[in-house]
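Please walk through the structure shown here, from its overall make-up to its sheets and cores.

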Amino acid sequence: MKIESRGRNYILRSRNKNSLLTNNNFYEDMAQANTTVPVEDIQAAIENREVIQTKIHKGDDIRYVHFAPMDINNWYVITVLTRNSIDEQIGYSRNVMITLVVKILVTLLIFGGYFYWILGREKRKVENLNQEMAFRDKAFKIAASETGKFVFIYDPDEEILEFMNYDPDKIWIPQIIENFPKEFTKYFKEGGRACREIRRMLAAVEGDAKEIEGEIIAHDQKETIIYHVQMTNIRSDDQKKLWMLGMLEDITEEKHKDIRLKKEEQIRSAMLSDAIGFFEVNLSRDCVMHDGTLIESSHSFTEIVDAFVERKVHKDYRQKVREAFDVGNMLHKYAVGIQEVVLEYIRIGDNGEDFWVRCETYLEKDVVTDDIIALTVIRNIHDRKLSELQLKKEAVLDPLTRAYNRRSGVEKIEEILSRYPNQTHAFVFVDLDNFKKSMICWGIWSAIRCSLMLCRL
């Protein structure tokens with residue numbers, strides 16, 4: 001490299017063995033050199049402060065000269081390169097580039113390998129976690145299916161209910177129900193007991209209840225199912241998000257067992273007492289039942305009662321029995337809060353003899369179907385009833401004349417008037433004057449004989 005002054009004299013000249021120019025004036029040196037660009041052209045370019053290049057031949061050696069202006073005192077920088085130095089620079093640059101590329105490739109390879117190793121390790125962790133969760137989910141579903149319970153999650157914010165273990169053969173509602181507070185009425189009878197119970201539990205959720213329990217009676221096309229519902233309040237770590245984790249358990253069979261046990265206990269109690277009969281009636285469907293199950297029959301309960309009354313009930317009590325066992329009358333009594341009805345009447349036995357019976361009827365609602373059920377126990381009270389009537393007769397009749405006393409006579413009149421309110425009646429009171437005087441004059445026996453003759457009239 002050489003630096004030339006404004007007068008084209010050298011300011012600085014390299015001292016290495018490759019220096020071509022030896023004089024102090026640049027143009028003189030260039031004129032003596034075998035250059036491919038004339039000195040005049042080089043001079044003109046320098047005067048115009050332009051960049052120019054040329055080649056100088058010296059034997060077999062070729063040198064490349066590059067002229068570039070400087071911003072200092074109009075100086076020029078003249079750079080001379082030999083072919084060997086260019087080849088060396090190119091080789092050096094190539095080696096540097098190759099080294100750099102190799103380093104980059106090695107770095108990428110190391111980074112890629114490390115990244116692949118990290119990725120593989122995380123992938124194995126995720127796979128193991130997925131396998132573990134799949135196993136737990138499978139175990140959870142098996143355990144839940146074995147216990148007959150279905151697990152669901154309800155999100156009050158999103159109003160979404162989703163079953164975690166779902167079996168369409170056992171649950172007729174969808175696995176996921178969006179907008180649950182409004183959409184659940186599609187699967188339950190509006191206004192029914194199930195809808196009321198679900199709304200109660202939703203209100204408890206809104207009230208931030210910790211534990212919620214209830215029973216839902218669902219009706220599909222085939223059967224009636226009773227579910228026990230239990231929900232638990234679960235909050236996120238920051239206490240901002242709320243979920244309800246619930247379990248749905250089919251307790252239909254258990255409920256039926258409880259009902260059957262209760263009825264069997266009633267039947268057993270009736271059988272161990274003086275009962276002579278027991279029957280069960282579904283008043284809502286007007287049919288006879290046995291052990292909680294409807295009996296398939298071509299006759300309704302009303303028709304059976306009519307036939308029984310004509311054959312087995314004394315004529316004086318037939319209308320009373322029909323009214324007592326009228327389905328409409330019993331349903332009305334249950335609606336107004338009467339749950340026990342007692343009736344006593346004279347029944348005709350198989351041998352044609354009459355005897356007194358007592359029917360005790362208990363009205364209740366079936367927890368499964370909401371139907372009104374009547375349980376009736378029939379007892380033989382003939383001996384007790386005769387004793388009771390005899391005592392009553394002795395209380396209302398004079399023991400000597402066998403005539404009604406004044407108090408019992410008034411009660412008898414009131415009974416007749418209440419039994420036949422729409423009929424006309426005539427009642428006569430007879431008063432014997434001077435009975436005490438006649439008893440003194442003619443004696444006690446004559447007075448008694450006179451009273452008996454009057455009572456026979």
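Among contacts between residues at least 6 apart in sequence, 38% join residues at least 24 apart. The model is a predicted one. It describes a protein of 457 residues, of which 31% count as buried. The chain forms 13 helices and 17 strands. Its accessible surface is about 30,900 Å², and carbon and sulfur atoms account for 54% of that area.

One place to begin is an open sheet of six strands, with antiparallel pairing and the order β8-β7-β6-β11-β10-β9. Its edges are β8 (176-178) and β9 (211-219), each of which pairs on one side only. On average, and ignoring direction, neighbouring strands of this sheet are turned by 20° against each other. Strands of a sheet are held in pairs by backbone hydrogen bonds, in a parallel or an antiparallel arrangement. Within this sheet, β6 (residues 149-155) and β11 (residues 242-250) are paired in the antiparallel sense over six bridges. To find the register, look at F152, whose bridge partner in β11 is G246.

Helix α5 (residues 193-206) lies across β6, β9, β10 (224-235) and β11. With respect to β9, the helix runs at about 160°.

The helix and these strands also meet in the largest nonpolar core, which has 27 residues. The elements giving two or more residues to this core are β6, β7 (160-163), α5, β9, β10 and β11. Helix α5 supplies the largest share, six residues. Inside the core, the residues with the most contacts are F163, F180, F188 and M231. What does F188 touch, leaving aside its neighbours within four places in sequence? Its contacts are W172, A194, C195, I198, I216 and A218. Of the 24 residues in a second, separate core, A324, F325, C359 and I372 are examples.

Another set of strands centres on β17 (residues 372-380). Eight of the nine residues of β17 are buried, that is, under 20% relative accessible area, so this strand is largely enclosed by the rest of the structure. Strand β12 (residues 275-282) pairs with β17 in the antiparallel sense over seven bridges. Strand β16 (residues 354-365) also runs antiparallel to β17, and nine bridges join the two. V377 in β17 is a useful point of reference for both pairings: F278 stands opposite V377, and V377 is also the bridge partner of E360.

Terms used: Residues numbered from 1 in each chain as written. Predicted model: local features only at pLDDT ≥ 70, side-chain atom pairs only at ≥ 80, totals over all residues. Heavy atoms only, no water. Pairing = 2+ DSSP bridges. Helix = DSSP H or I, 4+ residues; strand = E, 2+ residues; numbered from the N terminus. Axes fitted to C-alpha atoms, helices over the stretch in contact; angles between N-to-C directions. Contact = heavy atoms within 4.5 Å. Buried < 20%, exposed > 50% of the residue type's maximum accessible area, 1.4 Å probe, protein only. Areas by Shrake-Rupley, 256 points an atom, 1.4 Å probe, with all protein chains shown as cover. Core = buried A, V, L, I, M, F, W, Y, C linked by side-chain atoms within 4.5 Å.
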